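Me: I'd like to go through the labels on this one and ask what stands behind each of them. Can you start with the classes used for linings?

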Amino acid sequence: MEQSNSVTLVRNDAEKKVEVLVDGKLFTAYLYPETIAKPVLYPIKSSQGNDLTRGFPLAPRPGERVDHPHHIGIWFNYGDVNGLDFWNNSDAIPEDKKSGYGTIIHTEILSTRESREGAELEVAADWVGPDGRILLKETTRFIFSSSGEKNVIDRITTLKAHGQAVSFTDNKEGMLGIRVARELEHPSDKPEIFTDASGIATAVPTLNNDGVTGMYRSSEGIEGDDVWGTRGKWVNLTGEINGEKVSLAILDHPKNPGYPTYWHARGYGLFAANTLGQKAMSGGKEELNFKLADGESVTFRYRIVVNSGSALTDEVLNQESENFEKK
C-alpha cells in the first residue's frame, strides 16, 4: 500500500478561504466569498501543479471558454428548490431576474482536523431565497486524503428543511458539478447552444482543439458524449495537460437518493452527477420529485478522485467504489 502524503489545512478568514495543501503544495481551496452565489472548491490541481478546473470567471486563462459563469471549480446545488434556481445563479443574473434565484451562504467553519490519514473540514451554510428566508440548513464535511499520485475528496452534505417543506422538483441542473480545464474538454467540431430549465440559452462556440484531450468513461463502459443522460456508479474523465496524464473521477454512493446517479456530463467541460434529476435525463421515462418535510434531512455522499501520471482503470475505480460504499 502506498504511503499517505501529508495533507494540511490553512485557514484564512480574511480572504474567506481554507487552502488544502498536499506535501506543502496547493491541491484545492474551499472558497466562500459573497460574490459567487455558493461556496466552491477551487482550483483543483494535479500533483504536478496543473489546473484541472477552468479558470473563468475567477482567474481567466487564455483560450478557455467564457460561458456559464456559474460553473466554478467544484460545487453542490440544484436547479429547482421550491421553485428557486440555485444552480444558475451568479453575478451575471440581472437585478430584475434575481427573484427567481437562490443563494447558498457560508455561515461557519465548524471544525478542522488533520491526521496521518489526511484532513477534514466541516462547514455550515444556508440555502436562502431572494427574500432572505432560509429554505435549507446545510452541514458539509470534506475529507481530503492523498497517497502516491492520487488525491481524494469525499464530500458528505446534509440538508435539513428549515421552517417549511422543501421540494426538489425534477430538474436537469444538478447536483455535484465540476467545470474542467479546456484540456479536459472533448474536442468540439460544431458550436452548440444549451438551454437551462428556465429557457435561458447559452451559446458554446467551437474553439481551437489543440491540446484538447478529454474523454468520459462510465462504470457501464459508455464513453464520450454518450455518457450524458445515462446512469452509472462512477464516471472517469481522462486527458493530458502539459504532458501530464490525468484522471478526474466522480463516484456516487448507494445511500444517495436516486442511486445510481444520472450523469449531466457535457463535452464542453461541465462534469456533474445529478442524483435528483431524472426526467430530462431519461427522456421522460422516469421522474423523481424529491421532498423533505419541515425539519427532515437528507445526506448526499460523493467521492472525487484526482490521479496524476496515468489514467485510472475500470478495475481501480471499481475497487475505489467498493471502498467508498463501506463508508
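Reply: Sure. Ala, Val, Leu, Ile, Met, Phe, Trp, Tyr, Cys and Pro count as nonpolar, Asp, Glu, Lys and Arg as charged, and the others, Gly among them, as polar. By that scheme the lining of the largest cavity has eight nonpolar, one polar and two charged residues. Bear in mind that this is a predicted model, where local features need pLDDT of at least 70 and side-chain atom pairs count only at pLDDT 80 or more, while totals for chains, interfaces and linings use all residues. Numbering runs from 1 along each chain as its sequence is written, and side-chain values use heavy atoms, with hydrogens and water left out.

Me: What makes something a cavity here, and how many cavities of 30 Å³ or more are there?

Reply: On a 1 Å grid over the protein atoms alone, a cavity is a set of points where a 1.4 Å probe fits but cannot get out, whereas a pocket is an open set with protein on both sides within 12 Å along at least five of seven lines; a lining residue has an atom within 4 Å of a point. Grid points are joined across faces, edges and corners, and the volume is the space filled by probe spheres set on them. The count is two cavities of 30 Å³ or more. The largest has about 50 Å³ and the second largest about 40 Å³.

Me: Which residues line the largest cavity, and which strand gives the most to that lining?

Reply: The lining consists of Y30, P39, V40, L41, I74, V123, A125, E138, T140, F142 and R155. Strand 8 gives the most, three residues. Strands here are DSSP runs of E, at least two residues long, and helices are runs of H or I of at least four, all numbered from the N terminus. Strand 4 (40-41), strand 7 (118-128) and strand 8 (134-147) each supply at least two lining residues.

Me: And what lines the second largest cavity?

Reply: That would be K38, P39, F76, I104, E138 and R155. They divide into three nonpolar, no polar and three charged.

Me: Why is strand 5 called largely enclosed?

Reply: Buried means under 20% relative accessible area, exposed over 50%, and partly exposed in between (1.4 Å probe, protein chains only). Five of the five residues of strand 5 (74-78) are buried, so the label follows. Side chains in a regular strand alternate between the two faces of the sheet. In strand 5, I74, F76 and Y78 are buried on one side and W75 and N77 on the other.

Me: How do you know that strand 5 pairs with strand 11?

Reply: Pairing takes at least two DSSP bridges between two strands. Strand 5 and strand 11 (174-179) have five, in the antiparallel sense. I74 stands opposite I178 there.

Me: Is T275 buried or exposed?

Reply: Buried: its relative accessible area is 0%. T275 sits in the loop between strand 18 (270-274) and strand 19 (290-292).

Me: What makes the link between T275 and Y302 a polar contact?

Reply: The term needs a pair of N or O atoms within 3.5 Å; within protein, one must be able to donate a hydrogen and the other to accept it, and residues adjacent in sequence count only if both atoms are side-chain atoms. The side chains of T275 and Y302 are joined at 2.2 Å.

Me: Why does Q3 count as exposed?

Reply: Q3 has 69% relative accessibility, so it earns the label. Contact means heavy atoms within 4.5 Å, and beyond its neighbours within four places in sequence, Q3 is in contact with S146, S147 and G148.
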